[in-house]
Amino acid sequence: MIRFTGATPGGGSKGNVAPVGNWDPPACWYEPRSAEEFSKYVENMYEETVNTPGQHSYAKASVGMFRNEYKDGKYKNYNLDQKDEGNWWVAVRDEARWTEPEAQLCDKQPFWVENGAAPPVKNAVTPQVLAELAYNRIQLPTTEVTLAPETTTKVNLPTWAWLDKASFKEVSVTAALNVGGLNIQATTTAKPVSLKLEPGTKDAETYPASGECTINADDSIGEPYAKGKSDRTPPCGVKYLRSSGDGTYKLRATITWEINWTGTGGAGGDLPNGTFGNDQNVTVQEIQSVNR
């Protein structure tokens, strides 16, 4: 089975990275099982099914046919006499996505592959497939930017926004598989590269105008407000043009992460960028003149 390890910096709530564009990691794939592992799996499934009280006869017949295929039919005794010469390859579905149509595409029954031969299926596990599966397990910290003014700002007053370097680190997940002589792994790393601000209303302007604040040389984003900067334009921020009234605007802060991978045998490359963000409530008051 594939083993995933990794760490998420910082505390608080976390969430999965969302790929940019139409790409998604595999919802299913094929991976090897040794002859011993496969025989135990089939025998245990058979025993459990036929001995479960009230089990439908169709289920018993189905599992019996499946067992016979590998024990006394096309194959003999799960190829245990050839256990050092190859492996069984089986379809695996991502447990979090098993209801998706993409998860049903790996519909080939378990099949035998001799050592050194390439499995004749799409999505047979490789270092790149491991990297793509690791992508789907990257957990990122909630993005909460520091604002000045903090939670209540004024109409037509530039609000500064920034993220400190300490809040903004790379995240890596490693996927590894060591079964039946196949020992491969891949590490997928997400690196933060920019912050996008969406004010939550059309009656606002962002700094810069695109709302996309790039990362600084010290890995921070934006610039903290300090006394004496009131006449300056923030390098990253927002200016609201209308009061939020009795409510608030939901300022959405989204980090874009650049993602790449390295794996067994020197393999590696880029994967689609990912994003993760959240909303912050901002109160905007209607005050015509503000001294700062």
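**Group meeting: contacts, sheets and disulfides in a predicted model**

Leaving out residues up to four places away in sequence, Lys229 touches Trp160, Glu223 and Pro224. I start with that residue, and I should say at once that this is a predicted model. Lys229 sits in the loop between strand 15 and strand 16. Is Lys229 buried or exposed? Its relative accessible area is 15%, and the cut-off for buried is under 20%, so this lysine counts as buried. As for its charged end, the side chains of Lys229 and Glu223 make a polar contact of 2.6 Å.

Another buried polar residue is Thr153, with a relative accessibility of 1%. Thr153 belongs to strand 9, residues 152–154. Its side chain makes a polar contact of 2.8 Å with the side chain of Thr159. Beyond its neighbours within four places in sequence, Thr153 is in contact with Thr159, Tyr240, and the run Val282, Thr283, Val284 and Gln285.

Tyr240 takes us to the core. The largest nonpolar core has 64 residues, and Tyr240 is among those with the most contacts inside it, along with Ile2, Trp88, Leu195, Leu197 and Trp257. Which strand gives this core its largest share? That is strand 17, residues 249–263, with seven residues. In general terms, nonpolar side chains in soluble globular proteins tend to be buried together.

Take Leu197 from that list. Its contacts, again without the neighbours within four places, include Ala161, Thr206, Gly211 and Gly237. Leu251, Arg252 and Ala253 are also among them, and so are Cys213 and Cys236.

Those two cysteines are bonded to each other: a disulfide joins Cys213 to Cys236, with an S to S distance of 2.1 Å. Cys213 is in strand 14, residues 212–214, and Cys236 is in the loop between strand 15 (221–222) and strand 16 (237–240), so the bond ties together parts that are 23 residues apart in sequence. The torsion about the S-S bond is about 90°, so this disulfide is right-handed. Both Cys213 and Cys236 are buried.

How many disulfides are there? The count is two. The other one is formed by Cys28 and Cys106, with their sulfur atoms 2.1 Å apart. This pair links distant parts of the chain, 78 residues apart: Cys28 is in strand 4 (residues 28–33), and Cys106 is in the loop between strand 5 (86–93) and strand 6 (111–114). The link of Cys28 and Cys106 is right-handed, with 80° about the S-S bond. Cys28 and Cys106 are both buried. With the bonded cysteines numbered in sequence order, the pairing is 1-2, 3-4.

Strand 4 leads to the sheet it belongs to. This is an open sheet of three strands in the order 4-5-6, with antiparallel pairing. Strand 4 and strand 6 each have a single partner strand and stand at the edges, so one side of each has no neighbour in the sheet. Ignoring direction, neighbouring strands here are turned by 40° against each other on average. Strand 4 and strand 5 run antiparallel and are joined by six bridges. In that pairing, Trp29 stands opposite Val92 in strand 5.

Next, a hairpin. Strand 11 pairs with strand 12 (residues 182–198) over nine bridges, in the antiparallel sense. One of the partnerships is that of Asn178 with Asn183 in strand 12. Two residues lie between the strands, and Gly180 has a positive phi near 50°. Why is strand 11 described as largely enclosed by the rest of the structure? Because seven of its nine residues, 171–179, are buried.

Last, the backbone. Most residues other than glycine have a negative phi, and most peptide bonds are trans. Here are some exceptions.

- Asn77 has a positive phi near 50°. It lies in the loop between helix 2 (57–71) and strand 5, and it is partly exposed at 40% relative accessible area.
- Asn156 has a positive phi of about 70°. Its place is the loop between strand 9 and strand 10 (159–163), and its relative accessible area is 46%, partly exposed.
- Ala148 and Pro149 are joined by a cis peptide bond with omega about 0°. Pro149 lies in the loop between strand 8 (146–148) and strand 9.
- Tyr207 to Pro208 is a cis peptide bond too, with omega near -10°. Pro208 is in the loop between strand 13 (204–207) and strand 14.

Notes: Residues are numbered from 1 along each chain as its sequence is written. Side-chain values use heavy atoms; hydrogens and water are left out. Buried means under 20% relative accessible area, exposed over 50%, partly exposed in between (1.4 Å probe, protein chains only). Helices (H or I, at least four residues) and strands (E, at least two) are DSSP runs, numbered from the N terminus. Two strands pair if DSSP finds at least two bridges between them. A disulfide is a pair of cysteine sulfur atoms within 2.5 Å. Axes are lines fitted to C-alpha atoms, for helices over the stretch in contact, and angles run from 0 to 180 degrees between N-to-C directions. A polar contact is a pair of N or O atoms within 3.5 Å; within protein, one must be able to donate a hydrogen and the other to accept it, and residues adjacent in sequence count only if both atoms are side-chain atoms. Contact means heavy atoms within 4.5 Å. A nonpolar core is a set of buried Ala, Val, Leu, Ile, Met, Phe, Trp, Tyr and Cys residues joined through side-chain atoms within 4.5 Å.
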